[in-house]
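Please take a moment to load the model in your viewer and keep the sequence beside it. We will go through it together, from the overall fold to individual rings.

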Amino acid sequence: MVRRTSAAFVIAVLAAAGCAAQQQQGGQQGQGTAAGVTDTTIRIGGVLTKTSASGYSTKDAEIGAKARFERANAEGGVHGRKIEFLGAEDDGQDAAKGDAAAKKLVQKDQVFALVPVHAPNFGGAAFLEQQGVPWFGWATGPQWCGTKTGFGYNGCLAPKQGAGSQTWWGRQMADLLGGSDGKSVYVQTSDSSGSKYGGTTISQSFTAAGFELAGVNSGLPAAAPPPDWLPYVNKIMTSDDGGPP
């Protein structure tokens, strides 16, 4: 799924890179070029959760991004500039490592933009926003919402507290199930900060769509699979007045 959706946000960064190239050609050559942009290349790097203690990984997004950039280069690049893809850093599903990765790509590698960013606990958002560096990817947390430089191809799924609630999950399930009347939902997430927040907003989307919320549990260990899944399964299967949701 990650590989198939790579094209969506890669196309977005091609457009952004094109704007930078046009600005440079439109009279800014003498004023210095944009970071990561030369007369012949546009430098791009990404941040992924390639490895994690739980086994969760988005490493395949690097394959999709590389293929899409190669296709763009074969078609002539962006305004004659070839995309130089440096590959993706691994944040290990750790916010601090994600912040360090973003700083390395911008300050050391001098990239124009970060693509792809597929990291649920990505910690580099504030730095990229402060630096004015575009970043594109899978929006899975509030750090993607309300930014000027961050662009999630799936929109803002987890708005910040007080900024409203996403409704996509609930509406989607209601459409698939032929409506929400008489149906209940149980939301299970891991205990990471991003998952806990996502559990809250996803739950709100189901209640907004008319589902009864049978329960929310954000106690699943994110660091490693639990030794016994049965307690979680039993809790789900008895959440709706002793029956399953």
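Throughout this tour, contact means heavy atoms within 4.5 Å. With that in hand, start at Phe122: not counting residues up to four places away in sequence, Phe122 touches Val47, Asp91, Gly98, Ala102, Leu114, Val117, Leu128, Trp135 and Gln143. Keep this residue in view, as we will come back to it.

A word on the ground rules. The model is predicted, so local features need pLDDT of at least 70 and side-chain atom pairs count only at pLDDT 80 or more, while totals for chains, interfaces and linings use all residues. Residues are numbered from 1 along each chain as its sequence is written, and side-chain values use heavy atoms, with hydrogens and water left out.

Now zoom out. The protein chain has 7 helices and 7 strands, where helices (H or I, at least four residues) and strands (E, at least two) are DSSP runs numbered from the N terminus. Following the sequence, you meet them in the pattern α-β-α-β-α-β-α-β-β-α-β-α-β-α. Among contacts with a separation of 6 or more, 63% are made by residues 24 or more positions apart. Of the 245 residues, 42% are buried, that is, under 20% relative accessible area (over 50% is exposed, in between is partly exposed; 1.4 Å probe, protein chains only). The accessible surface, from the Shrake-Rupley method with a 1.4 Å probe, comes to about 12,000 Å², and 54% of it belongs to carbon and sulfur atoms.

Next, the interior. A nonpolar core is a set of buried Ala, Val, Leu, Ile, Met, Phe, Trp, Tyr and Cys residues joined through side-chain atoms within 4.5 Å. The largest one has 17 residues, of which Val106, Leu114, Phe122, Leu128 and Trp135 touch the most other members. Two or more residues each come from α3 (95-108), β3 (113-118) and α4 (125-131), and α3 gives the largest share, 4 residues. There is also a second, separate core of 13 residues, including Ile42, Ala65, Ala72 and Phe85.

Helix α2 (residues 60-74) is worth a look here. Its 15 residues reach 22 Å from first C-alpha to last, close to the 21 Å expected at 1.5 Å a residue, the expected span being 1.5 Å times one less than the number of residues. Its buried residues are Ala61, Gly64, Ala65, Arg68, Phe69, Ala72 and Asn73. Just after α2, Gly76 takes a positive phi of about 110°.

What about the aromatic rings? Rings of Phe, Tyr and Trp (its six-membered ring) pair if their centres lie within 6.5 Å; planes under 30 degrees apart count as stacked, over 60 as edge-to-face and the rest as tilted. The whole structure holds 6 aromatic pairs. Phe69 and Phe85 have ring centres 5.2 Å apart and planes at 55°, so this pair is tilted. Because Phe69 lies in helix α2 and Phe85 in strand β2 (residues 82-90), the pair ties together parts that are 16 residues apart in sequence. Phe69 counts as buried at 2% relative accessibility. Trp135 and Trp144 form another tilted pair, 4.3 Å centre to centre with 45° between the planes. Trp135 is buried at 0% relative accessibility, and Trp144 is buried at 4%. Here Phe122 returns: ring pairs link Phe122, Trp135 and Trp144 into a cluster.

Finally, find Gly199 in helix α6 (residues 193-208). Gly199 counts as buried because its relative accessibility is 0%. Leaving aside neighbours within four places in sequence, Gly199 is in contact with Val187, Thr189 and Val216. The C-alpha atoms of Gly199 and Val187 are 6.6 Å apart, with their positions 12 residues apart along the chain.
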